[in-house]
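Please look over the model below with attention to its ligand site and its backbone geometry.

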Amino acid sequence: MTEFFRTGRAAAEFLGIDEPDDWRRVEAVYPLLVNRHCLDLIDRSKGDADPVWRQFLPSAAELDDWKSDFDPLAEERQMLAPRLIRRFLDRAVVLVTGNCAVHCRFCFRKRLWKQGAKLADISDAELEAILVALREHPEIREVLLSGGDPCMVADGRLREIIAAFSSLEQISVIRLGTKLPAVWPERFTPQFIDMLAGFDKLWLLTHFNHPNEVDAAASAVCRSLIRRGVPVLNQCVLLRGVNDNPEVMEELFRRLLAIKVKPHYMFHVDPVRGVRHFATGIEAGLEVLRYLRGRLSSLGTPTFAIDLPEGGGKVALQPDYSSGGGFCDIHNKKIINYPDKEMKK
Ligand SMILES: *Cc1c(COP(=O)(O)O)cnc(C)c1O
């Protein structure tokens, strides 16, 4: 059984360190939640420079940022029904629960789990209201189950929820957004995988941010989902001090490719309160793409995207190669920096 740690004191004790002074102060605002799986991925000799530590253990910088908004993407204003966020024509997000296995310190929905704000599992009445809203909008063809982490919901209840969306003829894709393959692989029991594999419309979008997270247990979960016919794709977030390094990203994407998980998105951090210290700037993401071009298969290269404020939606960002930015010189119809110099050796 996986152990969960709900206080800095317990996590520090497990790591064999003194609890840092800041932790309690930060936890009073953004509660700590981490499990043994994640703590075991930490290289303790690196301390708070470790990429997994940074993602799940508190930092005083979370409290420095009190000016930002909790909902800069205006999700609350784009609700078609409670918990149903509709920003695009053909797809909408359902907030299934506010629960997660672990609290990512860079979470863009910190508003849903900050002290005193936890969103409960979706009720029958809420689910019914969402189904009514979807029927009124037959142009919506895809639902993204999100939260929180929908896989925190008990097997039987999650089956009911997926079945409800699956039974709507207008819905052709159900996207399950879950971090649990990466942070709590034991959640994926054979029975749970059987349940998910029973839905033809289901795609699973998971969330690995660093190659150290793609361990044997997580890989086994992804492999069995894929073997059972559930496509698994990855979304990562570019995080300062965690993975804002082209070589680290290359390693992450290569490990994902090796287990047939397609790197789908690489997101820039949203300007959410308590998260901004993780922001890298757009240039860091473009740098990753420039580095990968010609070096890594397109299958392994995600789309780099940023969410526009005020619910403006996602925009994909690409390096500008046309001005001779290191790849090819379109104006002179000449390839100037390709293939990678190393290849000529
Ligand atoms: C990201 C997002 C989607 C999915 O957009 P894709 O580009 O298809 O990944 C849908 N709805 C909302 C509100 C989103 O933020």
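The questions and answers that follow concern this predicted model.

Q: Which residues have a polar side-chain atom that lies 2.7 Å from an oxygen atom of the ligand?
A: The residues around the ligand include Arg87, Arg91 and Tyr265. For Arg87, an N or O atom of the side chain is 3.0 Å from a ligand oxygen, which leaves two residues to consider. A polar side-chain atom lies 2.7 Å from an oxygen atom of the ligand in Arg91 and likewise in Tyr265.

Q: What percentage of the area that the ligand exposes when taken alone does the protein bury?
A: The ligand sits in the largest pocket, with a shell of five nonpolar, no polar and four charged residues. Polar contacts to ligand oxygen atoms come from the side chains of residues including Arg91, at 2.7 Å. Taken alone, the ligand exposes 380 Å², and the share of this that the protein buries is 88%.

Q: Which residues does the cis peptide bond with an omega of about 20 degrees join?
A: Most peptide bonds are trans. The loop between strand 6 (142–147) and helix 7 (155–166) holds Gly148. The cis peptide bond, with omega about 20 degrees, joins Gly147 and Gly148.

Q: Is Lys260 buried or exposed?
A: Lys260 has a positive phi of about 70 degrees, although it is not a glycine, and it lies in the loop between helix 11 (246–258) and strand 10 (262–268). Because a relative accessible area over 50% counts as exposed, the 65% of Lys260 makes this residue exposed.

Conventions. Residues are numbered from 1 along each chain as its sequence is written. This is a predicted model: local features need pLDDT of at least 70, side-chain atom pairs count only at pLDDT 80 or more; totals for chains, interfaces and linings use all residues. Side-chain values use heavy atoms; hydrogens and water are left out. A residue is near a molecule or strand if one of its heavy atoms lies within 4 Å of it. A polar contact is a pair of N or O atoms within 3.5 Å; within protein, one must be able to donate a hydrogen and the other to accept it, and residues adjacent in sequence count only if both atoms are side-chain atoms. Accessible areas come from the Shrake-Rupley method with a 1.4 Å probe; for residues, only the protein chains shown count as cover. On a 1 Å grid over the protein atoms alone, a cavity is a set of points where a 1.4 Å probe fits but cannot get out, and a pocket is an open set with protein on both sides within 12 Å along at least five of seven lines; lining residues have an atom within 4 Å of a point. A molecule sits in a cavity or pocket if more than half of its atoms lie within 2 Å of its grid points. Ala, Val, Leu, Ile, Met, Phe, Trp, Tyr, Cys and Pro count as nonpolar, Asp, Glu, Lys and Arg as charged, and the others, Gly among them, as polar. Helices (H or I, at least four residues) and strands (E, at least two) are DSSP runs, numbered from the N terminus. Buried means under 20% relative accessible area, exposed over 50%, partly exposed in between (1.4 Å probe, protein chains only).
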